[in-house]
Amino acid sequence: MKIAIIGTGYVGLVTGTCLSELGHHVIAFDHDQAKIAALKKGQVPIYEPGLNGMIHRMVEAKRLYFSTDIEAYIHEVSATIVAVGTPSKCDGSADLSYVEVAIKRIAPLVREGSIIINKSTVPVGTAFKTSQWINDCLKAKGKKQGTVHAVSNPEFLREGAAVEDFLNPDRVIIGVSSDEAFKIARDIYAPFAAKGVPIIKTNTQTAELIKYAANAYLATRLSFINEMSDLCEKTEADIRTLSTAIGLDKRIGPHFLRPGPGYGGSCFPKDTRALLDTAKQYKQDMSIVRSSVESNDLRKANLLERVKQKWGALSGLRISLFGLTFKADTDDVRETPSFDMIKNLHHENVEMSVFDPQGADNFKIMLKNFKFESPLLHYSKDMSECLKGSDGLIILTEWAQFSTLLPEDVKTHMRHARIFDFRNILDEKIFLEAGIEYQGIGY
Ligand code: UDX
């Protein structure tokens, strides 16, 4: 099938590339000319395992194209997937302006009988608005209304595992208001249906809420396990055993039970806030989601306090920080706990050396956008450089390479050999045996 993707961000680029891998012909549009020019030259703007190679293969196979020229191609496709950003507004609600601009631009151009799929995470009721925008555009062009259908088809991709997640979905959700629209959307995912992946047909409101429900549930689960982890610390219990033990209960399952510095990223913080905003509009109190958001915000704000409780005052010292991204295997730094930590270290007048395998460039851009500058912040090219002359190492992201750290590295490079590991990725025993102060979380 010929498919268009609007937006070549994380979701759009992964979705478009993987759909071409499934055998479709995909044209991916973005209004950012520099980005499209780079993609045409084979330069991939994001770090996502497996994506780079797949893009090259698909471009070579002539199943994946990049363009800024929507007008020239979009009339050829049976489905247009909108994958543009829906950032949080100041009040927490989702900003739909990019979605609206995209839909209004394409609606007059697409073929009669085709579908416009919303992949962006959008509040319940957006498909109705989308239909309205489409029909207004069709009417303005003198075309028949109701001939282009809005479909809600949320994604569940984890950054860092997005390609794998796309190609091995747990389920595909298709929210529609007509059988014709469902047929086209289902055909896109026919290779998954053939493998037995559940394809769930539902109305657009349910599809839209499924995405928020999944993310809010997982975020709540994380706030819960983080609070359990704190209680373990106070009671000499061990979160590592506790997580394993409750995860073995089939009703609970093993995933999303690792405590950490608090969740971040482009989805959980934004989507939980947007869900609360939706609930407010419908005059419903979602106290559980609200508490989990508050709990997470507080956790991130208090990260440095926890370190200081252990290590005492840090002013004037040099601290190393491993990890700038919100989790491993991504270059995404949105809502990363490292930002909270660095801001607080800066305010305490602490010299910082930081290292991240992929996130430094985006982190610098984020600091610029937030107009945050610190002469105390130094970027290192590797772990050893980051540790030099340091009075303590704080680990905030669970990059696999951090777990290769050896006691010798710590002893050779650091002035004061002590580690605060907010991801429990190091083997505590070997560091303690080597005489290094080591602090994990939750035990
Ligand atoms: C999430 C959802 O998983 C995905 O389905 C949705 O489409 C987008 O949001 P993502 O934000 O990429 O994906 O990351 P994910 O792997 O889900 O982790 C989210 C946050 O939870 C990260 O900050 C991560 O560090 C944290 N986390 C996750 C934990 O602290 N402990 C865990 O056990 C799991």
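Helices are DSSP runs of H or I with at least four residues, numbered from the N terminus. The structure is a predicted model, in which local features need pLDDT of at least 70 and side-chain atom pairs count only at pLDDT 80 or more, whereas totals for chains, interfaces and linings use all residues. Residues are numbered from 1 along each chain as its sequence is written, and side-chain values use heavy atoms, with hydrogens and water left out.

The shell around the ligand receives its largest share, 3 residues, from helix α10 (residues 204-235). A residue is near the ligand if one of its heavy atoms lies within 4 Å of it. Of the 18 residues around the ligand, those that come nearest are Glu159, Arg258, Cys267, Lys327 and Arg423. By class, the shell comprises 9 nonpolar, 2 polar and 7 charged residues; Ala, Val, Leu, Ile, Met, Phe, Trp, Tyr, Cys and Pro count as nonpolar, Asp, Glu, Lys and Arg as charged, and the others, Gly among them, as polar.

Polar contacts to the ligand (pairs of N or O atoms within 3.5 Å) involve both backbone and side-chain atoms. A backbone N or O atom of Arg258 lies 2.8 Å from a ligand nitrogen atom, and one of Leu257 lies 3.4 Å from a ligand oxygen atom. In the side chain of Arg423, an N or O atom is 2.9 Å from an oxygen atom of the ligand. The protein buries 94% of the 660 Å² that the ligand exposes when taken alone, accessible areas being from the Shrake-Rupley method with a 1.4 Å probe.

Helix α10 also packs against helix α12 (residues 268-281), at an angle of about 115 degrees and with the axes 9 Å apart. Axes are lines fitted to C-alpha atoms over the stretch in contact, and angles run from 0 to 180 degrees between N-to-C directions. The two helices are therefore roughly perpendicular, a term covering 65 to 115 degrees.

Notes
A polar contact is a pair of N or O atoms within 3.5 Å; within protein, one must be able to donate a hydrogen and the other to accept it, and residues adjacent in sequence count only if both atoms are side-chain atoms. Angles under 35 degrees count as roughly parallel, over 145 as roughly antiparallel, 65 to 115 as roughly perpendicular and the rest as oblique.
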